[in-house]
Amino acid sequence: MSNAAVMETLPVSDAVPQDHAYKYVLEVANVRKEFPGVLALDNVSLKVRPGTVHALMGENGAGKSTLMKVIAGIYQPDSGEVRLRGDVITLENPLKAQESGIAMIHQELLLMNSMTVAENIWIRREPMNQFGLIDHNQMKAQTLDLFERLNIQLDPDAEISNLSVANRQMVEIAKAVSFNSDVLIMDEPTSAITETEVAHLFEIIRSLRERGIGIVYITHKMNELFEIADEFSVFRDGKYIATHASADVTRDEIIHMMVGRDVSQMFPKEEVEIGEVLLSVKNLSLDGVFHDVSFDVRAGEILGFAGLVGSGRSNVAEAIFGVTPATSGSVFIDGEEVHIKTPNDAILKGMAFLTEDRKETGCFLSLDIQENIQSAVLHENFVNGGGFVDQQALDVESEEMCRKLRVKTPDMEESIENLSGGNQQKVLIGRWLLTNPRILILDEPTRGIDVGAKAEIHSLVTKLAHKGVAVVMISSELPEVLGMSDRVLVMHEGRVTGILDRSEADQVSVMSLAAQ
């Protein structure tokens, strides 16, 4: 299949209103955006039809988020233009974009936790009474009316800090719709919600599409593209590659467009010699969270953790690593009981832990890449004869690690905050690999990672297993767990419901244990 754009021949969704005076609700033409040392957007273009869901695909660092921030008024383009409803517009800031009819729901939600749902939706647009004060009753009524239209079941008076991630996302969607937006940008909206919540989100998206709203949907999940998107555009290395109708292409063709090469084996599982037990967990419990968790992990083995959101998988990992010490039970390394009270204790015992939330518990956002990747190195490999850190050797190894992981950055002094989510994740993985761990715990290692980077990380995990590293891999993506694991441990409501060998683990057997 040719990669040539087929923008003009794409069918309009049956749900699209036909009375628009414009063919495209949003058009981007030849937009260029350069940061110091990085050409983020190289004369890219995009066209979104009213009443359609237009997915944006590409590897991390391909330029997707940068383009969306240009459209949302966060960045100013160096050249090119943006048209809304057929007219060229200048978006000096996000407020101007919102007032013009463009709303963006960021992957990292931007709500004010100490305020109520209604206050967040109508901030700076609050209805006023005759005395010039906020009319809270009217604001609540407006919120309930908005929720009824969107089939959202939330209390307008609830404080944001008390809501789940999925419900906070519903608030963001309602806020965006409240601006009567013609364009709604969603950046990885399903990265941290359950399948049931995803189904509800898709219902809302379909209802918005039927009202003629053009939705730009950024995702790395192929199944979502085929389920919700009418068409999609692919970006690679800051360049526009192609646009196609979702029904006209295969998964492999999309991957090839995204990475510029075939990714023939997403899960490069290889036969590895399994050694002695390195990590043994016996009857580990954390009051009110998980109970009597027991398992062993051997040298060279990948033990996958499966279970629904809230099953306790991440809590077990945090307890083993000393983030939140368990209230009872034992942990053994090489057959000897260890007492790990802090992450520093765990690192000194040869353990490493990639946490689930890279922004909250992974990255030091105020520091550069070099400082982030070196922050966990405590072992003697980088200590010279005088007892001091050999900074030159550490710098060389850090740069080499970033090169191996294909971190896209102009240099090591770049702030990690400026990297895409996927490249941030690679830096965090590199941080732990520099510690030469014997036991590696990975919690959602490929969340928010594009297909090319996923394949690279899977290959890297396999190589670590070959070297005798014991790997615990927690993932909400069942194909990843099944594809990479020697054994699969399944949890449900804080308890281990089964441990399956690779030969007997499939989607049916795992889900039956996860949903008991």
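In this predicted model, a negative surface patch is formed by four acidic residues, namely Glu 371, Glu 399, Asp 411 and Glu 413. One of them, Asp 411, has its place in the loop between helix H13, which spans 391-404, and helix H14, which spans 421-433. The relative accessible area of Asp 411 is 36%, a value that makes this residue partly exposed, because buried is reserved for residues under 20% and exposed for those over 50%.

From this patch we can turn to the places where opposite charges meet. Side chains of opposite charge can pair when their charged atoms come close. In this model the count comes to 19 salt bridges, and three of them are followed here.

The side chains of Arg 32 and Asp 42 meet in a salt bridge, with a distance of 3.8 Å from N to O. Since Arg 32 lies in strand S1 and Asp 42 in strand S2 (residues 38-48), this pair ties together parts that are ten residues apart in sequence. The two partners fall into separate accessibility classes: Arg 32 counts as partly exposed at 26% relative accessibility, whereas Asp 42 is buried, with a relative accessible area of 18%. The contact also belongs to a wider arrangement, in which Arg 32, Glu 34, Asp 42 and Lys 239 are linked in a network of salt bridges.

Strand S1 takes part in another such contact, for the side chains of Asp 78 and Lys 33 meet in a salt bridge at 4.0 Å, again from N to O. Here Lys 33 is the residue in strand S1, while Asp 78 lies in the loop between H1 and S4, so the pair ties together parts that are 45 residues apart in sequence. Lys 33 is buried, with a relative accessible area of 11%, whereas Asp 78 is partly exposed at 46%.

The third example joins two helices, with the side chains of Glu 227 and Arg 206 meeting in a salt bridge of 3.8 Å, N to O. Glu 227 lies in helix H7 (residues 222-228) and Arg 206 in helix H6 (residues 195-210), so that parts 21 residues apart in sequence are tied together by the pair. Both residues are partly exposed, Glu 227 at 48% relative accessibility and Arg 206 with a relative accessible area of 29%.

Helix H6 also holds Glu 203, which counts as partly exposed at 46% relative accessibility. Although Glu 203 and Asn 151 are 52 residues apart along the chain, their C-alpha atoms are separated by 8.9 Å.

The aromatic side chains add a further set of contacts. A pair of aromatic rings is described by the distance of the centres and the angle of the planes. Six aromatic pairs are counted in the model, and one of them, formed by Phe 35 and Tyr 75, is edge-to-face, with 5.2 Å centre to centre and 70° between the planes. Phe 35 lies in strand S1 (residues 26-35) and Tyr 75 in the loop between helix H1 (64-71) and strand S4 (79-84), so this pair ties together parts that are 40 residues apart in sequence. Phe 35 is partly exposed, with a relative accessible area of 28%, and Tyr 75 likewise counts as partly exposed, at 24% relative accessibility. Elsewhere in the chain, ring pairs link Phe 321, Phe 353 and Trp 432 into a cluster.

Methods
Residues numbered from 1 in each chain as written. Predicted model: local features only at pLDDT ≥ 70, side-chain atom pairs only at ≥ 80, totals over all residues. Heavy atoms only, no water. Patch = residues over 30% accessible without salt bridge, like charges linked within 9 Å, V, L, I, M, F, W, Y side chains within 5 Å. Areas by Shrake-Rupley, 256 points an atom, 1.4 Å probe, with all protein chains shown as cover. Lys, Arg positive; Asp, Glu negative; His and termini not counted. Charge placed at Lys NZ, Arg CZ, Asp CG, Glu CD. Helix = DSSP H or I, 4+ residues; strand = E, 2+ residues; numbered from the N terminus. Buried < 20%, exposed > 50% of the residue type's maximum accessible area, 1.4 Å probe, protein only. Phe/Tyr/Trp six-rings, centres within 6.5 Å; stacked < 30°, edge-to-face > 60°.
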